[in-house]
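User: I would like to learn how to read strands and pockets in a protein model. Could you take me through them step by step?

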Amino acid sequence: SGGSGATTLAALSAHLLADSASRVPTLIAEDSETFNARLGTVHPSVLRAAGDELVDGGRYTAGKATAALATGWLVLVGARTAHGMIALNDALGDVSARFGPTGLERILPVHCASFGPSGPAPAPGIISFPFERALAQGGPVPDALPRLRSRTRRLLQQEWLPIVRDVYAAR
């Protein structure tokens with residue numbers, strides 16, 4: 001659902017790949033104006049089309065899930081609120097019903113504490129990003145990167161970046 005942190009996570013993923021000298025996929029967004037504002041500047045020599053796509057696709061639909069799973073992975077992001085967790089569980093249920101276990105094997109469920117540090121605890125197997133004031137203020141991700149708390153930096157570098165690298169390296 002809107003405000004879940006998906007656009008921020010997509011922009012962070014692009015910067016993490018660029019900063020680690022990894023291939024950066026072609027970046028596509030349903031709302032390109034919002035995504036580009038959040039992405040900020042990525043050094044042009046780093047942004048080379050790799051044949052892969054990182055898509056910030058907006059709200060979940062079955063059609064978008066079908067398109068994503070036909071070519072790779074699908075990251076489902078829900079805000080760490082009761083509504084966000086229900087929306088994420090509903091999307092996971094829909095993918096399970098449509099694609100079975102093989103579809104679920106290519107899903108990365110994520111909770112983002114976009115609206116503050118509180119919220120229900122995430123279910124096991126779901127990556128959970130803590131509330132990060134530097135990101136909650138909006139604006140370009142590169143402006144927020146130096147102000148990230150060490151816990152968030154560690155999660156991004158040690159847990160999220162290896163996942164993103166594996167997704168694009170396996171294709």
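Analyst: Two strands pair if DSSP finds at least two bridges between them, and strands (E, at least two residues) and helices (H or I, at least four) are DSSP runs numbered from the N terminus. This is a predicted model, in which local features need pLDDT of at least 70 and side-chain atom pairs count only at pLDDT 80 or more, while totals for chains, interfaces and linings use all residues. Residues are numbered from 1 along each chain as its sequence is written, and side-chain values use heavy atoms, with hydrogens and water left out.

User: Which residue stands opposite Gly 78?

Analyst: Gly 78 faces His 111, which belongs to strand 4. Strand 4 (residues 107-112) and strand 3 are joined by six bridges in the parallel sense. The open sheet has three strands in the order 3-4-5, with parallel pairing, and its edge strands, strand 3 (74-79) and strand 5 (127-129), each pair on one side only.

User: How is empty space found, and which residues lie nearest the centre of the largest pocket?

Analyst: Rolling a probe the size of a water molecule over the atoms shows where empty space is left. On a 1 Å grid over the protein atoms alone, using a 1.4 Å probe, a pocket is an open set of points with protein on both sides within 12 Å along at least five of seven lines, and lining residues have an atom within 4 Å of a point. Here the largest pocket is lined by 49 residues, and Val 55, Asp 56, Gly 57, Gly 58 and Val 75 lie nearest its centre. Helix 1 gives the most to this lining of the largest pocket, six residues.
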